[in-house]
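Good morning, and thank you for coming. I would like to walk you through one protein chain, beginning with its sheets and ending with its charged pairs. Please look at the structure as I speak.

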Amino acid sequence: MDAPRTVAAGRTASPATARLINDRLALQLLQSEGPLTAGQLKALTGLSRPTVADLVERLQEAGLIAVVGESGAQRRGPNARLYGIVADRAHLVGLDLRTHSVTVAVADLLGEVHAERTIPIGPDDTPDAAVAAALAGLDKALAAVGAPHPHTLAVGAPGLVDPATGRLGGTDWVPSWHVALVGELRARRAVPVLLENEVNLAAIAEQRDGAARDHDTFVLLWLGHGTGAAVVLDGTLRRGASGGTGEIGFLPVPGTAALPSASGCDGGFHSLAGSAAICALAAEHGLPAEAGAASTAANASSPDTDTDTDAPPAEAVVRAAVAAGDTGAAFLDGLAARIALGVAAVCAVLDPGCVVLGGEIGSGGGEELAGRVAGHLARLSPLRTDVRAGALGGRAVLRGAVLAARDAAQNELFGAAGPGVSSRP
């Protein structure tokens with residue numbers, strides 16, 4: 001038996017704590033490496049053979065791992081068995097709330113999505129009708145994978161999420177059905193419901209699966225219908241005292257006709273880099289931007305991040321400009337100069353070293369737009385900053401929600417593995 005592991009200076013883990021640490025280590029390896037034999041677990045963890053045998057037995061009894069095959073070794077028997085995490089041990093739900101839609105993804109314990117559904121919400125729908133439609137879509141997505149109920153739900157929504165209460169609010173532009181839906185989810189299902197600002201979830205996704213995988217410190221600048229930012233410092237997402245870290249749409253910048261106010265960001269950075277402003281800039285450069293007519297005054301004053309049924313018309317304009325080569329160069333350069341104003345302000349305060357241009361527009365502009373932003377930024381700031389295009393586009397919010405639900409579920413299930421320890425309250 002391995003000696004109890006030291007967990008802090010001058011402290012030694014109890015046998016029960018040591019077992020939990022070992023179990024979690026093994027589960028993390030099975031998640032990152034895929035199915036492993038007991039021998040491979042022994043080699044990767046440094047634990048003794050009896051300890052590995054004990055933890056394998058515990059995790060099987062807890063329903064967290066199972067034999068999924070055999071290794072290619074010629075010798076058969078217990079040592080050749082491959083153990084893997086039981087992915088359907090829990091079903092997780094990620095929700096991405098937009099002004100006129102909600103997208104639901106149902107994933108397994110490893111975060112692999114097995115069902116996805118987008119539910120449009122009509123502009124004239126009442127809050128009750130919108131909530132009913134969203135809940136019906138959620139039930140259909142769960143039924144598609146045979147899940148009677150989710151283990152954990154994570155919701156990404158625009159607006160301020162109060163770190164103290166976990167409630168959505170503080171912003172007049174948040175649709176009332178968003179608040180009602182979150183309340184109904186919490187009241188209807190006896191499962192954890194995590195609520196997070198949607199741009200923060202996008203940053204989680206870009207760090208885990210996208211453009212910021214090699215950075216512990218970076219800023220995600222969201223460019224969609226509106227603008228927003230998420231700040232990750234030393235691997236930790238920073239939300240601020242009121243949940244408002246990254247409300248860059250309200251940032252006063254040169255080139256706007258007025259100043260932003262507490263009730264609207266029309267005069268802030270949003271008025272330069274939001275979807276309606278981008279379409280207007282394209283028109284000034286003679287690019288076809290008829291789709292820009294779909295951007296309403298409400299969209300222009302809201303730092304929302306709509307996609308799917310709310311797809312920002314500027315995304316098509318930016319993609320067309322990139323594809324047009326020299327014809328779209330002047331427009332892209334003008335847009336990059338605007339974006340660089342916001343990026344320079346963020347860098348002057350945080351010096352993140354890396355800025356990811358996320359959202360549909362950041363992804364649509366790709367490296368062409370990111371390179372131009374970097375060029376303008378170098379003339380505005382002495383701080384060396386890597387500017388990158390987001391890899392996940394508008395889908396980053398939904399992916400971040402799934403990852404947040406996965407983290408919460410694994411923290412509970414993986415931390416509670418072992419006989420005599422309940423995985424649920």
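Let me start with a term: two strands are said to pair if DSSP finds at least two bridges between them. Strand β12, residues 218-223, and strand β15, residues 354-358, meet that condition, since four bridges join them in the parallel sense. Within this pairing, tryptophan 222 has glycine 358 of β15 as its bridge partner. Please keep in mind that the model is predicted.

These two strands belong to an open sheet of five strands, in the order β14-β13-β12-β15-β16, with mixed pairing. At the edges stand β14 (236-238) and β16 (386-389); each has a single partner strand, so one side of each is left without a neighbour in the sheet. From one strand to the next, the twist averages 25°.

For the wider setting, the chain has 13 helices and 16 strands. Of its 425 residues, 51% are buried. Among the contacts with a separation of 6 or more, 65% are between residues 24 or more positions apart.

I turn next to strand β8, residues 152-157. How many of its residues are buried? Six of the six are, and the strand is mostly covered. Thr152, Ala154 and Gly156 point one way, Leu153, Val155 and Ala157 point the other way, and all are buried. β8 is joined to strand β5, residues 92-97, by five bridges, and the two run parallel; here valine 93 stands opposite leucine 153. β8 also pairs with strand β11, residues 193-197, in the parallel sense over five bridges, and in that pairing alanine 154 stands opposite leucine 194.

Now to the interior. The largest nonpolar core has 44 residues, and Leu109, Phe218 and Leu220 are those with the most contacts inside it. Several elements supply at least two residues each, including α1, α3, β12 and β15. Which element gives the largest share? It is α13, with nine residues. There is also a second, separate core of 38 residues, which includes Ala282, Val343, Leu369 and Ala389.

Let us look at one buried residue in detail. Leucine 272 is found in helix α7, residues 270-273. Its relative accessibility is 6%, and it therefore counts as buried, because buried means under 20%. Leaving aside residues up to four places away in sequence, leucine 272 touches Val253, Pro254, Gly255, Thr256, Ala277, Arg338 and Leu341. Leucine 272 and leucine 341 are 69 residues apart in sequence, and their C-alpha atoms are 9.5 Å apart in space.

One of those neighbours, arginine 338, deserves a closer look. Arginine 338 lies in helix α11, residues 326-350. Besides Leu272, arginine 338 touches Phe269, Ala277 and Leu281, again leaving out residues up to four places away in sequence. Why does arginine 338, which is buried, have no salt bridge? The nearest side chain of opposite charge, glutamate 284, is 4.8 Å away, and a salt bridge is counted only within 4 Å, so the pair does not qualify.

Other charged residues do find partners. Side chains of opposite charge can pair when their charged atoms come close. The structure holds 13 salt bridges. In one of them, arginine 188 and aspartate 139 have their closest N and O atoms 2.6 Å apart. Arginine 188 is in helix α5 and aspartate 139 in helix α4, so this pair ties together parts that are 49 residues apart in sequence. Another salt bridge joins arginine 208 to aspartate 407, with the closest N and O atoms 2.4 Å apart. That pair links helix α6 with helix α13, distant parts of the chain, 199 residues apart. Aspartate 333 and arginine 372 also meet in a salt bridge, at 3.5 Å from N to O; they link helix α11 with helix α12, 39 residues apart. In addition, Asp96, Arg98 and Glu360 are joined into one network by salt bridges that share partners.

Finally, I would draw your attention to two loop residues. Aspartate 234, in the loop between β13 and β14, has a positive phi of about 50° although it is not a glycine. At 65% relative accessibility, aspartate 234 counts as exposed. Aspartate 351, in the loop between α11 and β15, likewise has a positive phi, near 50°. Aspartate 351 is partly exposed, with a relative accessible area of 43%.

Thank you for your attention.

Technical notes
Residues numbered from 1 in each chain as written. Predicted model: local features only at pLDDT ≥ 70, side-chain atom pairs only at ≥ 80, totals over all residues. Heavy atoms only, no water. Buried < 20%, exposed > 50% of the residue type's maximum accessible area, 1.4 Å probe, protein only. Lys, Arg positive; Asp, Glu negative; His and termini not counted. Contact = heavy atoms within 4.5 Å. Axes fitted to C-alpha atoms, helices over the stretch in contact; angles between N-to-C directions. Core = buried A, V, L, I, M, F, W, Y, C linked by side-chain atoms within 4.5 Å.
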